[in-house]
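Here is a short report on one protein chain. It goes from single residues to the core, then to a helix pair and the overall make-up.

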Amino acid sequence: MAPMPRVAHDLPCYQSASARPLVDNSLIIMKLSPSIKALIEGLRHLPGVGPKSAQRMTLHLLERDREGAQQIAEAIEEALSKVKNCSRCRNFTELEICEICSDLKRDPTTLCVVEAPADVMAIEQSGSFRGHYYVLMGHLSPIDGIGPEQLGLEALCQRFADGEIKEVILATNPTVEGEATAYYISERARAAAITVSRIAHGVPLGGELEYTDANTLAHALSGRTVVRE
Ligand SMILES: [Zn+2]
């Protein structure tokens with residue numbers, strides 16, 4: 001009597017064929033097709049995408065989702081041609097002045113300074129801020145050649161001088177560069193007699209003290225607030 005197959009992967013089925021190491025398959029394809037190679041290299045520009053992930057995405061799009069691939073291609077092309085920086089806050093927009101800057105229900109006397117458009121999205125999602133923003137698109141980093149000019153800080157200081165802004169909230173990241181950037185802006189804002197505040201950094205809501213890292217705890221303690229009755 002012929003022996004029974006022991007496990008499923010012993011069978012010469014479609015699944016076992018598709019489970020061959022991807023890298024060998026892809027290397028063969030890359031030799032054959034410059035377009036595939038270009039797509040893999042293009043996808044590697046995305047943050048967190050290494051060579052293997054880029055190969056997997058490329059093959060997935062070509063094998064199973066060409067319609068999705070077309071949608072991505074068109075969306076990228078449209079975004080690149082339409083999205084620019086707001087002339088007032090530097091955030092991404094398709095308009096000359098973005099919707100937040102032109103919203104009359106928002107308070108233009110309070111300005112929140114952030115490093116990136118993602119920070120604006122995070123604060124907007126919290127629903128806790130109704131002022132205006134200024135998006136630096138980075139932080140001071142002399143070693144990378146990023147100074148006040150690259151961050152639009154002269155235009156920001158001009159707005160301080162215009163007199164409309166009464167309070168600046170510094171919401172740059174709690175990194176060395178973020179703190180240095182916050183310090184630079186705070187000095188310029190104080191010189192224009194504007195109230196300056198820094199967002200509190202500390203223990204996350206629902207977090208436990210014993211699992212909070214030492215730096216975060218130190219920040220939380222130094223930024224403590226008085227308990228009101
Ligand atoms: Zn704007």
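## Two residues with positive phi

Ala193 sits in the loop between helix 8 and strand 6 (195–198). The model is predicted. Ala193 has a positive phi of about 60°, although it is not a glycine. Is Ala193 buried or exposed? Ala193 is exposed, because 9 other C-beta atoms lie within 10 Å.

Arg90 also has a positive phi, of about 75°, and it is not a glycine either. Arg90 belongs to the loop between strand 1 (84–85) and strand 2 (92–93). Arg90 has 20 C-beta neighbours inside 10 Å, so it counts as buried. The cut-off for buried is 20 or more.

## Val135 and its surroundings

Val135 is part of strand 4, which covers residues 131–135. Val135 has 23 other C-beta atoms within 10 Å and is therefore buried.

Which residues does Val135 touch, leaving out those up to four places away in sequence? The list is Cys89, Arg90, Asn91, Val114, Ala116, Pro117 and Val120. Arg90 is thus one of the contacts of Val135. The C-alpha atoms of Val135 and Arg90 are 5.4 Å apart, with the two positions 45 residues apart along the chain.

Val114 appears in that list too. Val114 itself touches Asp119, Val120, Tyr133, Val135, Leu136, Ala171 and Thr172, again not counting residues up to four places away in sequence. Val120 is a contact of Val135 and also a contact of Val114.

## The largest nonpolar core

The largest nonpolar core has 22 residues. Which of them touch the most other members? They are Val113, Val114, Tyr133, Tyr134, Val135 and Val168. Strand 3 (107–114), strand 4, strand 5 (167–170) and helix 8 (176–191) are the elements that each give two or more residues to this core. Strand 3 supplies the largest share, four residues.

## Helix 3 against helix 4

Helix 3 spans residues 34–43, and helix 4 spans residues 51–64. Their axes come within 8 Å and cross at roughly 125°. Helix 3 and helix 4 are therefore oblique to each other. An angle of this kind falls outside the 65 to 115 degree range for roughly perpendicular and is not over 145, the limit for roughly antiparallel. The crossing of the two helices is right-handed.

Which residues make the contact? Helix 3 brings Ile36, Leu39, Ile40 and Leu43. Helix 4 brings Ala54, Gln55, Met57 and Thr58. By type, the contact residues of helix 3 with helix 4 are six nonpolar, two polar and no charged.

## An exposed loop residue

Pro142 is in the loop between strand 4 and helix 7 (153–162). Pro142 is exposed, because 9 other C-beta atoms lie within 10 Å. The C-alpha atoms of Pro142 and Glu177 are separated by 9.6 Å, and the two residues are 35 apart along the chain.

## The chain as a whole

How many helices and strands does the protein chain have? There are nine helices and six strands. The chain has 229 residues, and 15% of them count as buried. Val135 is buried, as is Arg90.

Consider the contacts between residues at least 6 apart in sequence. Of these, 46% join residues at least 24 apart.

Key: Residues are numbered from 1 along each chain as its sequence is written. This is a predicted model: local features need pLDDT of at least 70, side-chain atom pairs count only at pLDDT 80 or more; totals for chains, interfaces and linings use all residues. A residue is buried if 20 or more other C-beta atoms lie within 10 Å of its own, exposed if 12 or fewer, and partly exposed in between; C-beta atoms are placed from the backbone. Two residues are in contact if their C-beta atoms, placed from the backbone, lie within 7 Å. A nonpolar core is a set of buried Ala, Val, Leu, Ile, Met, Phe, Trp, Tyr and Cys residues joined through C-beta atoms within 7 Å. Axes are lines fitted to C-alpha atoms, for helices over the stretch in contact, and angles run from 0 to 180 degrees between N-to-C directions. Angles under 35 degrees count as roughly parallel, over 145 as roughly antiparallel, 65 to 115 as roughly perpendicular and the rest as oblique. A crossing is left-handed if the near helix is turned anticlockwise from the far one by less than a right angle, and right-handed if clockwise. Ala, Val, Leu, Ile, Met, Phe, Trp, Tyr, Cys and Pro count as nonpolar, Asp, Glu, Lys and Arg as charged, and the others, Gly among them, as polar.
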